[in-house]
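Visitor: Please give me a close look at one part, the aromatic pairing. Start there, then work outwards.

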Amino acid sequence: MLRSVLLTGLMSLTLSSPTVMAEDAPITAPNASLADKPADATTKAADTTADPAKVEIRDSAQFFDETFNDMQDELETAKADGKKGVLMMFEMDECPFCQRMKNTVLNRSDIQDYYKENFRIVTVDIEGDVELTDFQGKTTTQKDFALKDFRVRATPVFQFIGLDGEPVKNGRLTGATKDSAEFMLFGKYVADKKNEETPFSKFKRQPTGDATTGDTAKTDDAKS
(Lines give C-alpha, C1' and ligand atoms only; values in the text may rest on other atoms or scores of the structure.)
Protein backbone atom coordinates (compact mmCIF):
# COMPACT_ATOMS: atom_id res chain seq x y z
CA MET A 1 0.00 0.00 0.00
CA LEU A 2 2.73 2.44 1.00
CA ARG A 3 4.68 1.53 -2.09
CA SER A 4 1.71 2.34 -4.34
CA VAL A 5 1.31 5.77 -2.71
CA LEU A 6 5.02 6.61 -3.24
CA LEU A 7 4.91 5.57 -6.90
CA THR A 8 1.80 7.67 -7.48
CA GLY A 9 3.49 10.77 -5.94
CA LEU A 10 6.59 10.40 -8.04
CA MET A 11 4.54 10.12 -11.24
CA SER A 12 2.64 13.31 -10.34
CA LEU A 13 5.84 15.29 -9.84
CA THR A 14 7.23 14.11 -13.17
CA LEU A 15 4.10 15.13 -15.07
CA SER A 16 3.95 18.59 -13.41
CA SER A 17 7.62 19.57 -14.24
CA PRO A 18 7.81 21.99 -17.27
CA THR A 19 9.52 20.68 -20.36
CA VAL A 20 11.67 23.14 -22.34
CA MET A 21 11.10 22.64 -26.04
CA ALA A 22 13.69 23.52 -28.69
CA GLU A 23 11.53 26.38 -30.02
CA ASP A 24 11.46 27.99 -26.53
CA ALA A 25 15.25 28.23 -26.24
CA PRO A 26 16.98 31.49 -27.20
CA ILE A 27 18.41 31.43 -30.70
CA THR A 28 22.03 32.57 -31.09
CA ALA A 29 23.56 33.19 -34.49
CA PRO A 30 26.37 30.71 -34.95
CA ASN A 31 28.84 33.30 -36.26
CA ALA A 32 27.82 36.30 -34.12
CA SER A 33 30.75 38.51 -33.08
CA LEU A 34 31.46 42.00 -31.71
CA ALA A 35 31.86 43.21 -35.26
CA ASP A 36 28.17 42.47 -35.91
CA LYS A 37 27.04 44.70 -33.03
CA PRO A 38 26.45 48.44 -33.57
CA ALA A 39 28.99 50.71 -31.89
CA ASP A 40 27.70 52.88 -29.09
CA ALA A 41 27.71 56.68 -29.28
CA THR A 42 30.90 57.00 -27.24
CA THR A 43 32.82 54.72 -29.57
CA LYS A 44 31.61 56.58 -32.65
CA ALA A 45 32.61 59.91 -31.18
CA ALA A 46 36.07 58.61 -30.39
CA ASP A 47 36.50 57.38 -33.95
CA THR A 48 35.39 60.55 -35.74
CA THR A 49 36.46 63.44 -33.52
CA ALA A 50 40.04 64.68 -33.73
CA ASP A 51 41.74 66.72 -31.05
CA PRO A 52 41.55 70.48 -31.84
CA ALA A 53 44.78 72.34 -32.50
CA LYS A 54 46.30 73.59 -29.31
CA VAL A 55 46.51 77.38 -29.08
CA GLU A 56 48.61 79.10 -26.45
CA ILE A 57 47.17 82.21 -24.80
CA ARG A 58 49.79 84.92 -24.38
CA ASP A 59 50.02 88.56 -23.37
CA SER A 60 48.47 90.61 -26.18
CA ALA A 61 51.43 93.02 -25.91
CA GLN A 62 53.51 90.34 -27.65
CA PHE A 63 51.50 90.93 -30.82
CA PHE A 64 53.17 94.32 -31.27
CA ASP A 65 56.77 95.18 -32.07
CA GLU A 66 58.62 97.73 -29.96
CA THR A 67 58.49 101.12 -31.67
CA PHE A 68 59.96 104.59 -31.30
CA ASN A 69 57.16 106.13 -33.39
CA ASP A 70 59.34 106.57 -36.46
CA MET A 71 57.36 105.10 -39.33
CA GLN A 72 60.20 105.45 -41.81
CA ASP A 73 62.38 103.40 -39.47
CA GLU A 74 59.59 100.81 -39.08
CA LEU A 75 59.39 100.50 -42.84
CA GLU A 76 63.14 100.01 -43.22
CA THR A 77 63.10 97.39 -40.46
CA ALA A 78 60.27 95.54 -42.22
CA LYS A 79 62.28 95.45 -45.44
CA ALA A 80 65.45 94.28 -43.67
CA ASP A 81 63.53 91.52 -41.89
CA GLY A 82 61.91 90.27 -45.08
CA LYS A 83 58.40 91.24 -44.00
CA LYS A 84 55.60 92.03 -46.46
CA GLY A 85 54.68 95.36 -44.93
CA VAL A 86 53.72 97.21 -41.77
CA LEU A 87 50.46 96.77 -39.88
CA MET A 88 49.27 99.67 -37.74
CA MET A 89 46.57 99.27 -35.10
CA PHE A 90 44.92 102.60 -34.30
CA GLU A 91 43.46 102.48 -30.80
CA MET A 92 42.63 104.61 -27.77
CA ASP A 93 42.11 104.20 -24.04
CA GLU A 94 38.70 102.98 -22.86
CA CYS A 95 37.91 101.49 -26.26
CA PRO A 96 35.86 98.32 -25.56
CA PHE A 97 36.35 96.86 -29.02
CA CYS A 98 40.11 97.38 -28.80
CA GLN A 99 40.14 95.45 -25.53
CA ARG A 100 37.95 92.76 -27.03
CA MET A 101 40.45 92.25 -29.84
CA LYS A 102 43.35 92.12 -27.39
CA ASN A 103 41.61 89.72 -25.00
CA THR A 104 40.15 87.30 -27.55
CA VAL A 105 42.21 87.54 -30.76
CA LEU A 106 45.57 89.30 -30.47
CA ASN A 107 46.56 87.19 -27.44
CA ARG A 108 46.45 83.91 -29.38
CA SER A 109 49.70 82.21 -30.34
CA ASP A 110 48.49 81.29 -33.84
CA ILE A 111 47.54 84.91 -34.58
CA GLN A 112 50.76 86.33 -33.15
CA ASP A 113 52.99 83.82 -34.93
CA TYR A 114 51.42 84.31 -38.35
CA TYR A 115 51.21 88.10 -38.27
CA LYS A 116 54.70 88.61 -36.82
CA GLU A 117 56.15 86.27 -39.43
CA ASN A 118 54.72 88.38 -42.24
CA PHE A 119 54.41 91.94 -40.93
CA ARG A 120 56.00 94.57 -38.73
CA ILE A 121 53.26 95.57 -36.24
CA VAL A 122 52.90 98.85 -34.35
CA THR A 123 50.15 100.57 -32.39
CA VAL A 124 49.09 104.22 -32.60
CA ASP A 125 47.06 106.06 -29.94
CA ILE A 126 44.60 108.32 -31.79
CA GLU A 127 44.44 110.63 -28.77
CA GLY A 128 48.19 110.62 -28.15
CA ASP A 129 50.34 113.73 -28.04
CA VAL A 130 53.52 111.70 -28.42
CA GLU A 131 55.77 112.89 -31.25
CA LEU A 132 55.75 110.69 -34.33
CA THR A 133 57.59 110.68 -37.65
CA ASP A 134 55.33 109.71 -40.54
CA PHE A 135 56.21 107.65 -43.62
CA GLN A 136 57.31 110.78 -45.49
CA GLY A 137 59.67 111.83 -42.72
CA LYS A 138 57.51 114.66 -41.39
CA THR A 139 57.29 115.17 -37.63
CA THR A 140 53.78 115.18 -36.18
CA THR A 141 51.86 113.70 -33.23
CA GLN A 142 50.07 110.40 -32.94
CA LYS A 143 46.62 112.01 -32.92
CA ASP A 144 47.33 114.23 -35.94
CA PHE A 145 48.87 111.30 -37.79
CA ALA A 146 45.75 109.22 -37.12
CA LEU A 147 43.22 111.93 -38.00
CA LYS A 148 44.92 113.91 -40.77
CA ASP A 149 46.83 111.16 -42.55
CA PHE A 150 44.39 108.26 -42.08
CA ARG A 151 41.09 109.88 -41.10
CA VAL A 152 40.68 107.61 -38.08
CA ARG A 153 37.86 108.68 -35.77
CA ALA A 154 36.65 105.35 -34.36
CA THR A 155 38.74 102.45 -33.12
CA PRO A 156 40.09 99.92 -33.59
CA VAL A 157 41.36 100.40 -37.13
CA PHE A 158 43.88 98.01 -38.66
CA GLN A 159 45.78 99.51 -41.61
CA PHE A 160 48.35 97.73 -43.74
CA ILE A 161 51.18 99.72 -45.29
CA GLY A 162 53.16 98.33 -48.21
CA LEU A 163 56.94 98.35 -48.45
CA ASP A 164 56.62 101.44 -50.65
CA GLY A 165 55.22 103.37 -47.69
CA GLU A 166 51.73 103.60 -49.17
CA PRO A 167 48.47 102.19 -47.74
CA VAL A 168 47.75 98.75 -49.16
CA LYS A 169 44.74 98.52 -51.46
CA ASN A 170 41.75 97.12 -49.53
CA GLY A 171 44.08 96.79 -46.58
CA ARG A 172 42.03 98.60 -43.95
CA LEU A 173 39.79 96.94 -41.38
CA THR A 174 37.58 99.02 -39.09
CA GLY A 175 36.13 97.57 -35.90
CA ALA A 176 36.55 94.27 -34.09
CA THR A 177 36.35 91.06 -36.07
CA LYS A 178 33.78 88.41 -35.20
CA ASP A 179 36.49 86.02 -34.08
CA SER A 180 40.12 85.04 -34.53
CA ALA A 181 39.33 83.11 -37.73
CA GLU A 182 38.18 86.28 -39.49
CA PHE A 183 41.25 88.21 -38.36
CA MET A 184 43.53 85.38 -39.49
CA LEU A 185 41.78 85.37 -42.85
CA PHE A 186 42.35 89.12 -43.19
CA GLY A 187 46.08 88.67 -42.61
CA LYS A 188 46.33 85.89 -45.19
CA TYR A 189 44.22 87.93 -47.61
CA VAL A 190 46.86 90.68 -47.57
CA ALA A 191 49.92 88.41 -47.30
CA ASP A 192 48.78 86.40 -50.34
CA LYS A 193 47.90 89.63 -52.23
CA LYS A 194 44.28 88.65 -52.67
CA ASN A 195 43.51 92.25 -51.68
CA GLU A 196 44.58 93.34 -55.14
CA GLU A 197 41.74 91.36 -56.68
CA THR A 198 38.69 91.99 -54.49
CA PRO A 199 37.58 93.80 -51.31
CA PHE A 200 37.80 91.72 -48.13
CA SER A 201 34.04 92.00 -47.53
CA LYS A 202 33.50 90.01 -50.75
CA PHE A 203 36.55 87.79 -50.41
CA LYS A 204 35.47 86.30 -47.09
CA ARG A 205 32.17 85.20 -48.63
CA GLN A 206 33.81 83.33 -51.48
CA PRO A 207 34.38 79.56 -51.24
CA THR A 208 38.07 80.24 -50.63
CA GLY A 209 37.16 82.55 -47.76
CA ASP A 210 35.66 81.66 -44.39
CA ALA A 211 31.89 81.28 -44.58
CA THR A 212 31.61 81.44 -40.80
CA THR A 213 32.91 84.97 -40.45
CA GLY A 214 30.52 87.75 -39.63
CA ASP A 215 30.07 91.39 -40.49
CA THR A 216 31.28 92.97 -37.26
CA ALA A 217 34.36 94.45 -38.88
CA LYS A 218 34.12 96.60 -41.97
CA THR A 219 36.73 96.95 -44.68
CA ASP A 220 37.41 100.09 -46.68
CA ASP A 221 38.47 100.09 -50.31
CA ALA A 222 41.88 101.18 -51.51
CA LYS A 223 43.65 103.78 -49.38
CA SER A 224 40.64 104.70 -47.21
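**Aromatic pairs and their surroundings**

Guide: Searching the whole structure turns up 18 aromatic pairs. Keep in mind that this is a predicted model. Two numbers are needed for each pair: a pair of aromatic rings is described by the distance of the centres and the angle of the planes.

Take Phe186 and Phe200. Their centres are 5.0 Å apart, and the planes meet at 65 degrees. Planes over 60 degrees apart count as edge-to-face, and this pair is edge-to-face. Where do the two residues sit? Phe186 belongs to helix 7 and Phe200 to helix 8 (residues 200-203), so the pair links parts 14 residues apart in sequence. Both Phe186 and Phe200 are buried.

Now take Tyr189 and Phe203. The ring centres of Tyr189 and Phe203 are 5.0 Å apart and their planes are at 40 degrees, so this pair is tilted. Tyr189 is in helix 7 and Phe203 is in helix 8, so here too the pair ties together parts 14 residues apart in sequence. Are Tyr189 and Phe203 buried or exposed? Both are buried.

Step back to the cluster. Phe186, Tyr189, Phe200 and Phe203 are among the members of one aromatic cluster. The cluster also includes Phe63, Phe64, Tyr114, Tyr115, Phe119, Phe158, Phe160 and Phe183.

Tyr114 has a charged neighbour. Lys188 lies over the face of the Tyr114 ring, 5.8 Å from the ring centre. The cut-off for such a contact is 6 Å from the ring centre.

Helix 5 (residues 109-118) comes next. Which residues of helix 5 are buried? They are Ser109, Ile111, Gln112, Tyr114, Tyr115 and Asn118. Tyr114 and Tyr115 are thus in the buried set of helix 5 and in the aromatic cluster. What do the buried residues of helix 5 pack against? Strand 1 (86-91), strand 2 (120-125), strand 5 and helix 7 are their partners.

Helix 7 leads on to the pocket. The largest pocket holds about 200 Å³ of space. Its lining has 13 residues, and the closest to the centre are Lys84, Val168, Val190, Lys193 and Glu196. Which elements supply at least two lining residues each? Strand 5 (157-161), strand 6 (167-174) and helix 7 (180-191) do. By type, the lining divides into 6 nonpolar, 3 polar and 4 charged residues.

Follow strand 6 a little further. Asn170 lies in this strand. It is not a glycine, yet its phi is positive, at about 60 degrees. For context, most residues other than glycine have a negative phi, and most peptide bonds are trans. Asn170 has a relative accessible area of 5%, so it counts as buried. Thr174 is also found in strand 6. At 23% relative accessibility, Thr174 is partly exposed, because buried means under 20%. Thr174 and Ala154 are 20 residues apart in sequence, and their C-alpha atoms are 8.0 Å apart.

Ahead of strand 5 comes a loop with its own backbone details. The peptide bond from Thr155 to Pro156 is cis, with omega near 0 degrees. Pro156 sits in the loop between helix 6 (142-150) and strand 5. Arg151 is placed in the loop between helix 6 and strand 5 as well. Arg151 has a positive phi, near 50 degrees, and is not a glycine. Its relative accessibility is 48%, so Arg151 counts as partly exposed.

One more residue: Thr133, in strand 3 (residues 131-133). Its relative accessible area is 17%, so Thr133 is buried. Leaving aside residues up to four places away in sequence, Thr133 touches Asn69, Asp70, Met71, Gln72, Lys138 and Thr139.

Finally, the whole chain. The protein has 8 helices and 7 strands. Of its 224 residues, 40% are buried. Among contacts with a separation of 6 or more, 68% join residues 24 or more positions apart.

Technical notes:
Residues numbered from 1 in each chain as written. Predicted model: local features only at pLDDT ≥ 70, side-chain atom pairs only at ≥ 80, totals over all residues. Heavy atoms only, no water. 1 Å grid on protein atoms, 1.4 Å probe; cavity = no way out; pocket = protein on both sides within 12 Å on 5 of 7 lines; lining within 4 Å. Points joined across faces, edges and corners; volume = space filled by probe spheres on them. Helix = DSSP H or I, 4+ residues; strand = E, 2+ residues; numbered from the N terminus. Nonpolar A, V, L, I, M, F, W, Y, C, P; charged D, E, K, R; others polar. Phe/Tyr/Trp six-rings, centres within 6.5 Å; stacked < 30°, edge-to-face > 60°. Buried < 20%, exposed > 50% of the residue type's maximum accessible area, 1.4 Å probe, protein only. Lys NZ or Arg CZ within 6 Å of the ring centre and 35° of its normal. Contact = heavy atoms within 4.5 Å.
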